[in-house]
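Subject: Structure for your review

Dear colleague,

Please find below the structure that I am handing over to you. My notes on what was found in it follow.

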Amino acid sequence: MKPKEVLKKWIDCFNKADAYHIAELYATNAVNHQVANEPIIGKESIYKMFVNEFATAKMVCMVENIFEDGEWAIMEWKDSLGLRGCGFFH
């Protein structure tokens, strides 16, 4: 599966607040690093992070652009509050 296709599945799981299936898209030793926080290392820790985040707030990822470069997918996004960001997925 191409990186862009994996990212589209990630977005679908995120918007459904589906921590289990979003975590399944990560490798066992994956790192999720949000710039405002310390890196989260490992699939199980990433799963727990999403469980906590989805329980805390209703989050929606509205895609502005998706790019693919080799093994990387890059997404520009915004949310319903007007926050904006960019994610890099390898």
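The confidence of the predictor in each residue is expressed as pLDDT, on a scale from 0 to 100. The model is a predicted one, and its mean pLDDT is 95. Of the residues in the protein, 100% reach 70 or more. Among the elements, helix α2 (residues 19-24) has the highest mean pLDDT, at 98, and β5 has the lowest, at 94.

I turn next to the sheet. It is open and consists of three strands in the order β3-β4-β5, with antiparallel pairing. Strands β3 (62-69) and β5 (84-89) form the edges, each pairing on one side only. From one strand to the next, the twist averages 15°. In general, the strands of a sheet pair through backbone hydrogen bonds. Here, β3 and β4 (residues 72-78) are joined by seven bridges. One pair of bridge partners is asparagine 65 and glutamate 76, the latter in β4. Helix α1 (residues 3-15) lies across β3, β4 and β5, and the helix runs at about 35° to β4.

A second point concerns asparagine 32, which belongs to strand β1 (residues 31-32). Is this residue buried or exposed? Asparagine 32 has a relative accessible area of 6%; because the cut-off for a buried residue is under 20%, asparagine 32 counts as buried. Its side chain makes a polar contact of 3.1 Å with the side chain of tyrosine 26. Leaving aside residues up to four places away in sequence, asparagine 32 touches Tyr26, Pro39, Ile40, Ile46, Met49 and Phe50.

Finally, the cysteines. How many disulfides does a search of the whole structure find? The search finds zero. Cysteine 61 is in no disulfide, and the nearest cysteine sulfur to its own, that of cysteine 86, is 11 Å away. Cysteine 86 is likewise in no disulfide, with the sulfur of cysteine 61 as the nearest, at 11 Å. Since a disulfide requires the two sulfur atoms to be within 2.5 Å, this pair does not qualify. As for accessibility, cysteine 61 is buried, with a relative accessible area of 8%, whereas cysteine 86 is partly exposed, with a value of 41%.

With kind regards

Terms used. Residues numbered from 1 in each chain as written. Predicted model: local features only at pLDDT ≥ 70, side-chain atom pairs only at ≥ 80, totals over all residues. Heavy atoms only, no water. Pairing = 2+ DSSP bridges. Helix = DSSP H or I, 4+ residues; strand = E, 2+ residues; numbered from the N terminus. Axes fitted to C-alpha atoms, helices over the stretch in contact; angles between N-to-C directions. Contact = heavy atoms within 4.5 Å. Buried < 20%, exposed > 50% of the residue type's maximum accessible area, 1.4 Å probe, protein only. Polar contact = N/O pair within 3.5 Å; in protein donor to acceptor, adjacent residues only side chain to side chain.
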